[in-house]
Amino acid sequence: MAYRMQYLFWFLNYVLQVIMTFIFITIIYQVSNGIGGWSYPQMLLLSATTLIVIGMAKYFIDISWVSQGLMNGNFDTLLTKPMPDYLTFFTSTNSSGAFGGIISGIVLFAYAASQLSFNILNVVDFAVMISLGSVVAILFVMVAIIGSYSFFKGGGWVNWMFNIISNITKYPLSIYGIAGSLIFTFVIPIGFANYYPVEALSGKISTMEIAVLIVFSLTMIYLLSRTFNRLYKSYSSGMG
Amino acid sequence: MDLNPHVGRYLEYSKMLIKDRFVYKINLLLMMAFQIMSPIVMLFVWTAIYLASGVSAINNFTLAQIITYFFIVSAMNAIAPNTAQAISDDIKYGNMFGILTRPLSYVGSVISYAAGHMFVDATVVGIPIIILVTVLMHISLSLYTWMLFVAAIILMLVLSIMAEFLIGCLSFFFIDIGGVATMFTFIMQFFSGGLIPLNLLPHGISQVVYALPFQFMLYTPAAIFTGALSSSQAIVSLEIGIVWSLVFLVLCTAMWHGVKRHIDSVGV
């Protein structure tokens with residue numbers, strides 16, 4: 001908070017993202033029937049969930065700082081500190097303005113949810129799935145950053161990729177066909193963090209499918225953790 | 001050919017920046033890949049919307065037109081200069097003092113910087129996207145329409161350079177303008193039709209938006225290309241755009257005179 005004005009502008013930027021998303025979806029549903037199978041409040045719910053998850057990922061991990069830090073050796077200063085490996089990625093807080101995205105995403109979520117009705121079981125499923133899915137998303141970002149450095153000695157593109165993924169997954173994965181759904185479920189596992197939890201909340205998927213998705217989420221967490229640990233242990237400083 | 005030495009030194013500056021951009025070729029390729037993702041996402045989204053609506057056109061925009069629109073918007077976004085951060089860095093790190101002592105006008109060097117980057121971005125990303133969409137969507141424009149389209153692009157570039165200059169100079173007040181510049185980008189994306197074509201906006205909002213200069217940054221070139229603006233409408237639009245250019249020129253001149261009086265070098 002040393003630079004309060006900067007923090008305020010970044011905070012407002014994330015709020016603006018949410019506002020622009022709201023305006024876009026509202027206009028779409030005013031001029032057309034929207035996206036098949038998804039009502040206006042459900043679309044807002046999906047977009048809000050995506051923005052909250054993305055906001056959390058960006059709040060905990062400053063992708064640009066970590067990527068640059070790995071390349072120029074600044075990251076090494078964190079390795080000398082007595083903290084678990086995972087936390088070294090969480091210590092940069094330059095993206096604290098992302099808190100604005102989380103707050104405004106929650107406001108949008110609440111607005112959308114107020115126009116729908118849910119049963120308690122769907123809400124519980126949603127809570128469990130989004131918790132696990134958020135862990136999957138954050139681990140995926142960490143693996144992407146460290147993997148990019150390990151294989152390409154670079155990482156500036158990870159932030160771009162993450163922004164594009166967040167743009168893609170604001171909309172139902174079903175519009176991208178089977179191939180797209182599979183890619184954003186198993187290759188870039190963001191679907192676990194937003195699409196499937198909202199489907200569960202909206203009652204669009206069965207209990208068996210929810211159970212399978214939870215198992216898949218836990219499997220992804222295990223695999224991503226193992227991959228991260230492996231890549232992290234093979235890290236060599238950018239300063240040689 | 002013996003160029004005017006005053007022009008020659010700016011051209012050399014641009015050439016140096018072009019070479020610098022081509023050093024990291026992977027970054028350029030990635031930029032092209034990422035730039036094309038946005039219209040591809042819109043392709044899927046709007047296909048789903050049109051299928052659900054069961055209509056061939058929404059506000060006189062067919063599916064083919066709207067897909068073409070977003071590809072052209074993506075090309076324009078790629079070509080548009082991003083000089084605000086460079087200007088901000090010159091101010092923040094104290095480079096301004098050194099630059100002002102050189103036999104180069106700072107404004108001229110900013111334009112050279114923008115020209116160098118625009119050349120690379122247009123060559124690697126912008127023009128390939130335009131060619132791609134022309135071929136894939138079987139676009140057939142008259143020579144006159146192509147000329148209007150190019151004129152709209154030139155107008156877009158002029159306005160963008162001046163807008164970026166104004167934002168960059170805000171570093172004198174905010175030091176780090178990353179947040180300001182990003183906020184401007186978001187706002188500009190909406191008001192220029194980057195988020196949704198302006199002719200799909202509700203009447204009240206569109207009246208406000210059409211009165212602002214941002215439409216010339218993305219909407220006008222894309223609308224000319226897709227036929228959303230007729231030739232006569234395009235001419236009127238370009239004339240209004242030229243007036244806005246003059247307004248921006250006055251603002252930039254006033255800003256630069258104000259900045260020169262307050263230059264206070266920072267950094268080591």
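## Confidence of the model

Among the elements of chain A, helix α5 (residues 85-88) has the lowest mean pLDDT, 71, and helix α10 (residues 195-201) has the highest, 95; pLDDT is the predictor's confidence in each residue, on a scale from 0 to 100. Helices here are DSSP runs of H or I with at least four residues, strands are runs of E with at least two, and both are numbered from the N terminus. This is a predicted model, in which local features need a pLDDT of at least 70 and side-chain atom pairs count only at pLDDT 80 or more, while totals for chains, interfaces and linings use all residues. Residues are numbered from 1 along each chain as its sequence is written, and chains are lettered from A and ligands numbered from 1 in the order in which they are written.

Averaged over chain A, the pLDDT is 86, and 93% of the residues score at least 70. Chain B also averages 86, with 95% of its residues scoring at least 70; among the elements of chain B, helix α5 (residues 95-100) has the lowest mean, 72, and helix α11 (residues 219-226) the highest, 96. For the complex, the predictor gives an ipTM of 0.88 and a pTM of 0.89.

## Where the two chains meet

In the interface, 28 residues of chain A are in contact with 27 residues of chain B, two residues being in contact if their C-beta atoms, placed from the backbone, lie within 7 Å. On the side of chain A that touches chain B, α1 (4-31) and α8 (156-168) of chain A each supply at least two residues, and α1(A) gives the most, with 14 residues.

By class, this side of chain A has 19 nonpolar residues, nine polar ones and no charged ones. In this classification Ala, Val, Leu, Ile, Met, Phe, Trp, Tyr, Cys and Pro count as nonpolar, Asp, Glu, Lys and Arg as charged, and the others, Gly among them, as polar.

## The nonpolar core

The largest nonpolar core has 136 residues, and those with the most contacts inside it are A:Val141, A:Met142 and B:Ile72; the largest share of this core, 16 residues, comes from helix α7 (residues 120-152) of chain A. Such a core is a set of buried Ala, Val, Leu, Ile, Met, Phe, Trp, Tyr and Cys residues joined through C-beta atoms within 7 Å. Not counting residues up to four places away in sequence, A:Met142 touches A:Ile61, A:Phe89 and A:Phe228.

## A helix crossing in chain B

Helix α2 (residues 25-53) and helix α6 (residues 106-136) of chain B have axes that come within 9 Å and cross at roughly 35°; the axes are lines fitted to C-alpha atoms over the stretch in contact, and angles run from 0 to 180 degrees between N-to-C directions. The residues that meet are B:Leu28, B:Met31, B:Met32, B:Gln35 and B:Ile36 in α2(B), and B:Val124, B:Val125 and B:Ile129 in α6(B). These residues divide into seven nonpolar, one polar and no charged.

## Buried and exposed positions

B:Met156 lies in helix α7 (residues 143-169) of chain B, and this residue is buried because 22 other C-beta atoms lie within 10 Å; a residue is buried with 20 or more such atoms within 10 Å of its own C-beta, exposed with 12 or fewer, and partly exposed in between, C-beta atoms being placed from the backbone. Leaving aside neighbours within four places in sequence, B:Met156 is in contact with B:Met76, B:Ala80, B:Phe216, B:Met217 and B:Pro221. B:Ile167, also placed in helix α7 of chain B, counts as buried with 22 C-beta neighbours inside 10 Å, and its contacts, with the same sequence neighbours left aside, are B:Ala84, B:Ile177, B:Val180, B:Ala181 and B:Phe184.

A:Leu79, in helix α4 (residues 76-79) of chain A, counts as exposed, with 12 C-beta neighbours inside 10 Å. Two loop residues of chain B have a positive phi although neither is a glycine: B:Asn59, with phi near 50°, and B:His138, with phi of about 55°. B:Asn59 sits in the loop between β1 (57-58) and β2 (61-62) of chain B and is exposed, with 12 other C-beta atoms within 10 Å, whereas B:His138 lies in the loop between α6 and α7 of chain B and is exposed with 7.
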